[in-house]
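Visitor: Could you give me a close look at a single part of this model, and then show me how its surroundings fit in? I am new to this, so please explain the words as you go.

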Amino acid sequence: MITAVCLSPILQNDFINRDDPSYIVDNPLIKELSFRTIGQIFSTPQYEGDYHPLTITLFAIQHHFFQDEPQGYHAVSLLLHLAATLLVFIVVLQLTKTILTASIVSLLFGIHPAQVESVAWISQQKDLLYVIFYVCSLSFYIKYCRSGNTPPRLYVGALLFFILSLLSKTMAVSLALVLLLVDYFLGRQFSKKLIIEKIPFLALALGFGLWSIKAHSMAGSFLDEVSYGFFDRIL
């Protein structure tokens, strides 16, 4: 409720002139919600080589209902963020088994100023969507670890949500390493089996990462970065 109140002013916002025209307002792929356009969305990189097919599909669904009215998109953004905040609460509760800790962490996640851009900027629904699937994958992985690694469906669930997260935004590749931190937090013993568990996640992360680099290079979106030196990039 606190998060909803703090971020509710975004419902009065409009589109902005950065990325919103390319992703939504002038994007021909979202104007028609059909199997043909969804096939095109999944088969080709989008604006500047980005590959976010699930996010673009979500834009197509929203356009079907809201057309070019920004309030509908902003309402969806707020609902997605609230869902992500609730999922963060659930995952932290799974890890710590302490309601107070989970409440504090999820509240900080919900209202932290660093989150405002992702919620208030319609094009950044890719952040909201990938985080939802990312945290769902973590939840399934924690259940898998707590259960003694016996039900394969929990492991498969973590892997499937990871794929959905990658299809929402390639930033999700970090999950492959975060799982190692979860292992450490849960006190799992380092072993060959523990490494083998991570191979599918690492393979997917590597594959999507290389594909993203190639797609951006083909689109020429890396050209502007050539002028930045080593220390400039750090800053």
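Guide: Gladly! Buried means under 20% relative accessible area, exposed over 50%, and partly exposed in between (1.4 Å probe, protein chains only). With a relative accessibility of 42%, Gln 67 therefore counts as partly exposed. You are looking at a predicted model, where local features need pLDDT of at least 70, side-chain atom pairs count only at pLDDT 80 or more, and totals for chains, interfaces and linings use all residues. Residues are numbered from 1 along each chain as its sequence is written, and side-chain values use heavy atoms, with hydrogens and water left out.

Let us make helix H4 our part. Helices here are DSSP runs of H or I with at least four residues, and strands are runs of E with at least two, numbered from the N terminus. H4 covers residues 53-66. The expected span of a helix is 1.5 Å times one less than its number of residues. For the 14 residues of H4 that gives 20 Å, and because the C-alpha atoms at its ends are 20 Å apart, the two values agree.

How much of H4 is covered? Mostly: 10 of its 14 residues are buried. The stretch from its start belongs to this group, with Pro 53, Leu 54, Thr 55, Ile 56, Thr 57, Leu 58, Phe 59 and Ala 60, and Gln 62 and His 63 complete it. These buried residues pack against H2, helix H3 (35-43), H5, H8 and helix H9 (152-168).

Thr 57 makes a good close-up within H4. Thr 57 counts as buried because its relative accessible area is 10%. Contact means heavy atoms within 4.5 Å. Once neighbours within four places in sequence are left aside, Thr 57 is in contact with Ile 38, Ile 41 and Phe 42.

Now follow the chain out of H4. You come to Gln 67, which lies in the loop between H4 and H5. The phi of Gln 67 is near 55 degrees, a positive value in a residue that is not glycine.

Beyond that loop comes H5, residues 70-96, with 27 residues. From the first C-alpha of H5 to the last is 39 Å, close to the 39 Å expected at 1.5 Å a residue. Just after H5, Lys 97 takes a positive phi of about 60 degrees, and Lys 97 is a residue other than glycine too. Lys 97 sits in the loop between H5 and helix H6 (99-111). Here the relative accessible area is 62%, so Lys 97 is exposed.

Let us step back to the loop between helix H1 (2-7) and helix H2 (20-25), where Pro 9 is placed. Pro 9 has 52% relative accessibility and therefore counts as exposed. Although Pro 9 and Ala 114 are 105 residues apart along the chain, their C-alpha atoms are separated by 16 Å. Asp 14 has its place in the loop between H1 and H2 as well. Not counting residues up to four places away in sequence, Asp 14 touches Pro 70 and His 74. Asp 14 and Pro 45 are 31 residues apart in sequence, and from C-alpha to C-alpha they are 26 Å apart in space.

To finish, visit H8, one of the elements that the buried residues of H4 pack against. A pair of aromatic rings is described by the distance of the centres and the angle of the planes. Rings of Phe, Tyr and Trp (its six-membered ring) pair if their centres lie within 6.5 Å; planes under 30 degrees apart count as stacked, over 60 as edge-to-face, and the rest as tilted. By this rule there are 11 aromatic pairs. One of them is formed by Tyr 141 and Tyr 144, a tilted pair with 6.2 Å from centre to centre and 40 degrees between the planes. Because they are three residues apart in helix H8, Tyr 141 and Tyr 144 are separated by about one helical turn. An α-helix has 3.6 residues a turn, so residues three or four places apart point the same way. Tyr 141 and Tyr 144 are both buried. Ring pairs also join them with Tyr 155, Phe 162 and Phe 201 into a cluster.
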